[in-house]
Amino acid sequence: MANGMGSLYIGVSGLHSAQTALNTTAHNLANINTEGYTRQQITFEDMTYLTVGTRSNTIDKYGLGVSVSEIRRIRDTFIDRAYRTENGRLGYYESNLKAVEEVEDLFGEMQGVTYQDCLKNLYSAVNELSKNPESTVARSSLIQYTSAFVNRSNKIYESLKDYQTTLNTEVQNSVNRINELGQTIFALNKQIQGIESGSGEYANDLRDQRDNALDELSGYIKMSYYEEANGRVIVTCEGIPFVNENNVTEMSTRTMDSNSLLIPTWPSFEKDVFDITQPISNGSKNDMGSLKGAIIARGSVNVKASDVPVKPDESDYDLTTAEGQAAYDAANAAYQEKQDYYNTYIEPSAILSAMAGLDKLVNGIVESINDVLCPEKEITLDAPLTDSEGNEIAAAKYTYKASSNAVLYTRHGQAVQGTDNGDGTYSYTSEEALFTDETLTQKEQVDSYVYSVLDMDKTDYGMDDDKTIGEELISRTNTKRYIVTTDANGGTIYVRNNLDVKGNQSYYTIGSLEMNKEVAQNVGKIALTTKQGKEDFDKAQELVDMWENKFASLNPEVYAKSDFNTYYTNFISEYATMGRVLDNYVGNQETMVNGYDNQRLQLQGVSSDEELEKMIKFQQAYNAASRYINVVSDMLESLIVSLGNA
């Protein structure tokens with residue numbers, strides 16, 4: 001009788017196992033189009049075996065049926081890791097490629113309305129003016145194309161800053177999403193652990209959700225992870241434990257002191273998420289994550305034309321003298337320092353290098369045009385010049401030859417390191433007066449003041465009634481070019497004004513440029529007429545010749561200087577090359593990521609034909625178990641009835 005009842009149990013176990021298999025198959029079919037779903041597979045095992053009879057040495061046994069040993073997900077963890085590694089690299093290089101494409105679009109070289117046209121039109125206007133310097137038509141044409149050049153330059157620069165703002169928003173959104181994914185993984189860890197802990201159940205759908213979160217997280221930031229025996233996943237991001245047993249180490253952002261650019265931080269560890277001073281390379285495995293890519297592409301510092309270092313020319317120094325050699329060595333040391341700064345903070349950023357390169361070009365053109373129309377010379381004085389109201393005029397250069405302080409400070413509190421003279425004193429050369437301490441209460445004693453003044457022997461005059469002098473073609477916003485004052489002999493001098501109306505240092509940089517309103521309203525004020533009232537063809541030719549001058553190199557790695565047109569051609573060609581390289585790299589990464597994803601889909605994806613075959617198989621198994629129970633039930637009924645009749 002016991003064996004008979006045991007036979008019923010065997011049939012019931014078959015029913016339960018087949019029903020579970022049918023439910024698993026139905027679940028697979030129901031999620032055939034669910035993104036990130038992993039195919040589930042059921043495996044069976046024999047239940048407990050019992051000994052026949054009571055003899056201890058018997059080898060006869062019978063089983064109690066079948067049970068479900070596991071409902072497992074068909075997933076390869078090695079492919080998952082490879083996919084997430086390459087997905088992180090894809091995110092990084094996609095961010096950089098988008099930035100390069102944005103730069104190319106802004107210059108319009110692929111859309112037909114090119115920035116180079118502005119340069120060509122300006123050169124043509126200058127060339128026409130050289131043929132007839134007093135022509136009102138030629139002067140008006142110069143004003144028109146100069147204005148177009150300035151406006152287009154400012155527009156591109158503003159668009160680059162706008163894109164920086166867009167990337168800034170993207171950085172904040174990425175940080176928020178990373179924190180959300182961390183919380184999601186942490187919550188799923190708790191749910192999975194609660195379901196699977198000692199219950200024998202399988203939280204496969206929750207594991208799918210967690211794997212989807214890990215996939216997405218890998219695109220944002222470099223990460224590593226491992227699963228503990230209890231089913232909990234521990235995640236590390238950029239070397240910091242992000243999701244652990246007890247909590248999520250959330251990111252935050254801080255703002256740079258000099259601008260509004262956001263830098264991701266780990267508040268709990270009081271450190272930035274990324275060390276942007278480290279070179280990015282595949283070998284270092286630090287080229288991962290769209291968040292890092294966006295930060296590198298956006299940049300984290302302010303840039304201007306002077307940030308592009310120019311190697312000092314030996315011919316500008318008298319190297320036969322100790323003083324000349326020392327001056328050259330100091331200039332070369334400053335160049336090396338600037339080069340390191342450029343290579344670390346500017347060159348890796350598509351946006352910052354575009355800003356710095358464009359500003360260098362525009363600054364070169366503007367300064368060259370203005371220097372022809374307003375030729376200057378430097379004068380060195382022991383005492384500062386003052387304006388008509390007795391206020392000290394800011395010098396172009398302040399020289400300190402024997403300061404007792406190894407460090408001095410700018411008016412913004414920035415430390416400036418001095419050059420050791422070897423006798424306990426230090427020398428400095430600065431664009432502004434320096435202070436002895438951070439409180440800015442005491443100015444250091446200045447040894448000499450260098451001023452740029454209008455060279456009255458070389459300047460031309462306007463052909464207006466006032467014979468205007470000192471009028472530049474392109475001005476700085478809210479800044480006059482000259483402050484008119486008198487020298488020690490009572491003569492009138494025009495001193496280059498280095499400060500704007502708010503007292504800030506003023507440069508001929510994009511964003512602060514505009515057409516000189518005085519010249520725009522009266523083209524006769526363009527200084528191309530000699531003191532005797534004759535048109536100056538030589539001066540007009542200087543405006544043409546300046547386009548052939550070798551004014552700067554494209555970047556610190558290229559020592560050869562270029563003229564304006566060659567500089568721009570090299571500039572835009574560098575971005576085209578960079579774009580092609582990144583596009584190829586992104587294409588290769590997409591192929592790798594898609595390849596790994598296809599491998600995962602082949603392994604974990606649901607095949608409707610295969611699942612339908614299993615459905616039929618498990619249905620037949622269910623029917624067989626049902627018929628088996630019916631047979632055993634009829635047999636038991638016959639035995640009981642027979643025994644009762646006996």
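Two strands pair if DSSP finds at least two bridges between them. Keep that rule in hand for the exercises below. The model is predicted.

**Exercise 1. Describe the hairpin of S5 and S6, and state how many bridges join the two strands.**

Step 1. Locate the strands. S5 covers residues 223-227, and S6 covers residues 233-237.

Step 2. Count the bridges. There are 5, and the strands run antiparallel. The rule asks for at least two bridges.

Step 3. Match residues across the pair. Methionine 223 faces cysteine 237 of S6. Serine 224 stands opposite threonine 236, also in S6.

Step 4. Look at the turn. The hairpin has 5 residues between its strands. Glycine 231 sits in the turn, with a positive phi of about 95 degrees.

**Exercise 2. Place S5 and S6 in their sheet, and say which strands stand at the edges.**

Step 1. Write the order. It is S5-S6-S7, an open sheet of 3 strands with antiparallel pairing.

Step 2. Find the edges. S5 and strand S7 (240-243) each have a single partner strand, so one side of each is left without a neighbour in the sheet.

Step 3. Check the turning. On average, neighbouring strands of this sheet are turned by 30 degrees against each other, direction ignored.

Step 4. Add the helix. H5 (residues 204-220) lies across S5, S6 and S7. Its angle to S5 is about 160 degrees.

**Exercise 3. Do the same for the sheet that holds S8, S9 and S10.**

Step 1. Write the order. The 3 strands run S8-S9-S10 in an open sheet, and the pairing is antiparallel.

Step 2. Find the edges. Strand S8 (252-255) and strand S10 (271-272) each have a single partner strand, so each has one side without a neighbour in the sheet.

Step 3. Examine one pair. S8 and S9 (residues 262-266) are antiparallel over 4 bridges. Threonine 255 stands opposite leucine 262 in S9.

Step 4. Add the helix. H4 (residues 136-196) lies across S8 and S9, at about 20 degrees to S9.

**Exercise 4. Two glutamates have a positive phi: where does each lie, and is each exposed or partly exposed?**

Step 1. Take glutamate 238. Its phi is near 50 degrees, a positive value in a residue other than glycine. Glutamate 238 lies in the loop between S6 and S7. Its relative accessibility is 21%, so glutamate 238 counts as partly exposed.

Step 2. Take glutamate 270. Its phi is about 55 degrees, again positive although the residue is not a glycine. Glutamate 270 lies in the loop between S9 and S10. With a relative accessible area of 75%, glutamate 270 is exposed.

**Exercise 5. Work out how helices H6 and H8 pack, and which residues make the contact.**

Step 1. Read the geometry. H6 (residues 290-298) and H8 (residues 350-373) pack at about 5 degrees, with axes 4 Å apart.

Step 2. Name the arrangement. That angle makes H6 roughly parallel to H8.

Step 3. List the residues. H6 brings Ile296, Ala297 and Arg298, while H8 brings Ala350, Ile351 and Leu352.

Step 4. Sort them by class. The contact has 5 nonpolar, no polar and 1 charged residues.

**Exercise 6. Decide why the protein is called more spread out than a compact globule.**

Step 1. Take stock. The protein has 12 helices and 21 strands.

Step 2. Compare the radii. The radius of gyration is 39 Å, well over the 26 Å that the globule rule gives for 646 residues, so the protein is more spread out than a compact globule.

Step 3. Add the box. The C-alpha atoms fill roughly 150 × 60 × 45 Å along the principal axes.

Step 4. Note the burial. Buried residues make up 45% of the 646.

Conventions: Residues are numbered from 1 along each chain as its sequence is written. This is a predicted model: local features need pLDDT of at least 70, side-chain atom pairs count only at pLDDT 80 or more; totals for chains, interfaces and linings use all residues. Side-chain values use heavy atoms; hydrogens and water are left out. Contact means heavy atoms within 4.5 Å. Axes are lines fitted to C-alpha atoms, for helices over the stretch in contact, and angles run from 0 to 180 degrees between N-to-C directions. Angles under 35 degrees count as roughly parallel, over 145 as roughly antiparallel, 65 to 115 as roughly perpendicular and the rest as oblique. Ala, Val, Leu, Ile, Met, Phe, Trp, Tyr, Cys and Pro count as nonpolar, Asp, Glu, Lys and Arg as charged, and the others, Gly among them, as polar. The radius of gyration is taken over C-alpha atoms; the globule rule is 2.2 Å times the number of residues to the power 0.38. Buried means under 20% relative accessible area, exposed over 50%, partly exposed in between (1.4 Å probe, protein chains only).
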